[in-house]
Amino acid sequence: MIGVFLLAALGAVALGAILALGRRTFEPGLWTQAAGAAGVGVAGFWAIGSGDTLGTGFASTFDPRLGVDGLSGLFLGTLGLIAAPAVVFSLRYLESTRRGRMTAALTAAFFLALALVVCARDPLTFLTGWELMTLLSGTVILVARRADRLSRQTVFNYLAVTHLGGVGTWVAVLLLADAHAFGGAVAISSGSGLQIAIALAALVGMGTKAGVMPLHVWLPRAHPIAPAPVSALMSGVMIKVALYGLVRVLVEWVGVLPVWFGVLVLAVGALSAVGGVVYALFQHDLKRLLALHSIENVGIIVLGLGACLILRARGADAWAAFALGAALLHTVNHAVFKSLLFLGAGAFERAVGSLELDRIGGLLRRMPWTAGAFLVGAMAIAGLPPLNGFASEWLTLQALLHVAAYGHVGDGIAGAIALATLAATAALALFCFVKVVGLVLLGPPRSEAAASAEEAPMPMRAALVFLGGVCVVLGLVPGLLFGPLVGLAPWSPGVPTHIGLELPGTGSLPGVWIAVVLVAITGSLTLLRGTRSAAPAPAWASGQLLEPGLRWTSAGFTKPLRLVLELVLRPQREITVQSEGGVLQKVSYSGHVPHLIDDHLYAPLERVSLAAAAQARRLQSGSLGTYVVYLAGLVLLLLAAARLGWIG
Amino acid sequence: MSGATAVAGAVQIVGGIALAPLLPGLVQHWKARLQGRRGPTPLQPYRELRRLWGKSAVAPEGATVVYRLAPAVTAAAIIAAVLVVPAASAAPSWGIGHDALLLVGLLALARFAIVTAAWDVGSGFSLIGASRDLTLSVFVEATLVLSLAVAALLAGTTDLRGVVAATAGTEVWTSPALALGALAFALVVVAETGRQPVDSPDTHLELTMIHEGPLLEFAGRDLVYLQWAAAARHWLVLVLAAQVFVPHPRDLWLQLAVLPAVLIVLCAALALVETLVAKMRVLVVPRLLAAGAIAALLGIASWLVSSS
């Protein structure tokens, strides 16, 4: 029943892709896609709720197999939940030009590739979907940006990094298939070399695709230049599909990993969380800032995953399942608020023409619906109660605390450090989104375009308000989703589904009541305050008027933190003073925070590989004779190797 | 609900909402005495709140709903936090639980409301305070969570009622864990209450203020809410200090009886620290707080060593 429904929904998306190519059928095509995506979402969540499995199970053979179980259902559900509003948003965001139609069709193909990865039940289909998802997202960027210089360079970067890192995925999947353990049919013995090799390869390969530090280098470049709905799908779903692979391999298929591997995962998560948000703070472009926040949130999810692995190795099965539930819940939550923020950024870009933070301003008054939904998303990503981001961060914090509670000295301290890192990350995310809200939504308009910005048209607004509503609902009743997610762990003890979050060893987190208390008290205090107000007066600026020159900038607001972290971040700045005859003519200032991983890891790597390529080029003389010598040499070498018994 | 729980609930609500302004009043009073001045009476904060209640509010030109709602949201988040923090090892369930990490979230919500209002005002004084507050909050939040984690690990739960019960008596003090947690929490108390050496509550000199900055544009009843919220933060962190990080009796009635005395002693200690210590450079404060976080980590390490 669900299977037929799911197939029909996927068919609708494919049909919508074809229809969107036609000039007349562009709009019906997009509506068909949206309906199909919504159907996929419903079918996905249905599959978790009912606990059914559809299609065939996993097999290590190479004939194509497809199926859906609870975990696939979760990611299908998230995919549909994000893609449906994103496609509705595209109705007005993408114009019915040839480029727009092509983008819409390719986006639908991208959607289907993502669905293919989570439904794949054999190694070959899995790897096909995995590669398609990278290639199609790269193609959409190229098509949407007319393959300009920037997009060619970025997509090359994106494909190069994800393919080099992606080798890990192939190694992990093929090793699993070789051991007949794709799908976990054959247990791999704990602590064996094979288990560690698979787990490490998966962490590198799938971690690259998920954007964990230090393998994230492509992400803050590729996500910002895609069209907003594609950015939403890439940040909201594609990097989550990479995490789906990681959960499958590390949690389900390779058996119980040693404690040190869990600590390694925890370390990677902590680095991504804090590194992502620190670099996001010093960005001046909204979409790039949001992309770096994806790294932060992937880090938070990976922290939950690491906690799950350590707790499982320590035999604390109940809390291991809760930690997995926390990671999966944050996956859904981040998908929702990040796609809301990316779509919101798209709406702002369309209205203002720029996403440079210092040139927007005052949009809460110009675009109340879009900006209001964006504010909800910003509060959710900053982890404020009673929204959804807080619920899953609370769960992750609890999971890390229990790593310390159940661990021995080494992993216990690792858990405590991760706990402090996550707390600091939440505070940094708050800092960052206060800056974004302040510069984009509040204050006076900071450019003429912002002063005349117009509210986004209906379908775009509706998509944003819908996602904002999901943020609120998931914050109010996180327990309804958390219960089934805990049940996805193969060893799960099961947890009774509450509306709020009630776990042993914690105070409870009743989302609905927290919201009721906060809203009721805010409401009564507002009534008590009354409306008596003096006439508006200009803000106090030591008796001056608040002229544009006195306005605070993105760089100014984050300066105290930049100074505090100076030793680590090594910010650069340059001040040039021009004076003529002792009279000051002009002072110009420029400053930026260099990306240390780019500068100290990738830049040398790039230099070395270019130098190696230059050396390799000498082999290519172009003369036929040389190549004959090469061939003869190779044949002799192979013959010698066969003779000595090295090969064959 | 037993009689004792009901009384504990009454102390929690009356103390947190009505008596909170007395705490900063007491600190100011004793500070003046220590400095050889007569100073205002401990009731001075109430007088100021009453005076402000009669005045009208002012909104700067162009302020939006974010500015108008900020005082009410801040006060609501702090009231919810007052409901979360029990006055003793028992408290009625107010419907929102007593989880330690929820407290962290509610304090963050209060901070968010007030610093976004600073952006709505747009003046440099508001924003410099907001930006410093957020910078310090990164270190405060990490230290707060770690020091609460020390207590939660000892108690085996993050439910604050359980934490208060588990840290009662003298046995927990035989290992250094809680003492190290207390050291970290002491720094959180200073930072959250906005007192020297982190912030200077007396100054209205624009260049040195942190928490005072974003409040600058508010007037009338808006300012009442915000000043009350600042006072209630004293209650929240001092009650937690008294009932978790200071030795306290096991008996619920005794806990309630001793609480006022401990609060008075802690206020005196804050006054003493403010008299003895000068304000730090704002950029040096994170190092102090990081030292607190390291102390709490050492506390967790010592607990892990002793329990394994």
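Q: Helices are DSSP runs of at least four residues (H or I), strands are runs of at least two (E), and both are numbered from the N terminus. In which loop of chain A does P386(A) lie?
A: The model is predicted. In it, the peptide bond from P385(A) to P386(A) is cis, with omega near 0°. Most peptide bonds are trans. P386(A) belongs to the loop between α14 (368-381) and α15 of chain A.

Q: To which residue does a cis peptide bond join M213(A)?
A: The bond in question has an omega of about 0°. Its partner residue is placed in the loop between α7 (193-210) and α8 (219-225) of chain A. That partner is P214(A).

Q: How many helices and strands does the secondary structure of chain B come to?
A: Reading from the N terminus, the elements of chain B run α-α-α-α-α-α-α-α-α-α-α. Every symbol in that run is an α, and no strand appears. The count is 11 helices and zero strands.

Q: How many helices and strands does the secondary structure of chain A come to?
A: Chain A has 648 residues, and 56% of them count as buried. One of its strands is β3 (572-580), which follows the loop that holds R570(A). The count for chain A is 25 helices and four strands.

Q: What radius of gyration does chain B have, given its 308 residues?
A: The C-alpha trace of chain B spans about 60 × 45 × 45 Å along its principal axes. A compact globule with 308 residues would have a radius of gyration near 19 Å. The value for chain B agrees with this, at 19 Å.

Q: What radius of gyration does chain A have, given its 648 residues?
A: Along the principal axes, the C-alpha atoms of chain A fill a box of roughly 95 × 70 × 65 Å. For 648 residues, a compact globule would come near 26 Å. Chain A agrees with that expectation, at 26 Å.

Q: Among contacts in chain A between residues at least 6 apart in sequence, what share joins residues at least 24 apart?
A: Residues count as in contact when their C-beta atoms lie within 7 Å. For chain B, the share for pairs at least 24 apart is 79%. For chain A, that share is 77%.

Q: Are α3(A) and α9(A) roughly parallel or roughly antiparallel to each other?
A: The axes of α3 (residues 70-93) and α9 (residues 228-253) of chain A come within 9 Å and cross at roughly 170°. Angles over 145 degrees count as roughly antiparallel. Therefore α3(A) and α9(A) are roughly antiparallel.

Q: How many nonpolar residues are in the contact of α3(A) with α9(A)?
A: From α3(A), the residues that take part include L71(A), F75(A) and I82(A), and α9(A) supplies among others A232(A), L233(A) and V237(A). The contact also holds three polar residues and one charged residue. The nonpolar residues number 17.

Q: Which element gives the most residues to the side of chain A that touches chain B?
A: The contact joins 68 residues of chain A to 72 residues of chain B. On the side of chain A, the elements giving two or more residues are α13 (363-366), α15, α16, α20 (511-529) and α22. By class, that side has 51 nonpolar, 13 polar and four charged residues. With 17 residues, the element that gives the most is α16(A).

Q: Which elements of chain B do the buried residues of α11(B) pack against?
A: Helix α11 (residues 285-307) of chain B has 23 residues and reaches 33 Å, close to the 33 Å expected. Its buried residues include L289(B), A293(B), L297(B) and I300(B). They pack against α15, α16 and α22 of chain A, and in chain B against α6 (124-155) and α8 (177-192).

Q: Does R281(B) count as buried or exposed?
A: R281(B) sits in the loop between α10 (252-276) and α11 of chain B. A residue with 12 or fewer C-beta neighbours within 10 Å is exposed. R281(B) has 8 such neighbours inside 10 Å, so it counts as exposed.

Q: What is the phi of H180(A), which is not a glycine?
A: Most residues other than glycine have a negative phi. H180(A) lies in the loop between α6 (149-178) and α7 of chain A. H180(A) counts as partly exposed because it has 13 C-beta neighbours inside 10 Å. Its phi is positive, at about 55°.

Key: Residues numbered from 1 in each chain as written. Chains lettered and ligands numbered in written order. Predicted model: local features only at pLDDT ≥ 70, side-chain atom pairs only at ≥ 80, totals over all residues. Rg over C-alpha atoms; globule rule 2.2 N^0.38 Å. Contact = placed C-beta atoms within 7 Å. Expected span 1.5 Å × (residues − 1). Buried ≥ 20, exposed ≤ 12 C-beta atoms within 10 Å, placed from the backbone. Axes fitted to C-alpha atoms, helices over the stretch in contact; angles between N-to-C directions. Parallel < 35°, antiparallel > 145°, perpendicular 65-115°, else oblique. Nonpolar A, V, L, I, M, F, W, Y, C, P; charged D, E, K, R; others polar.
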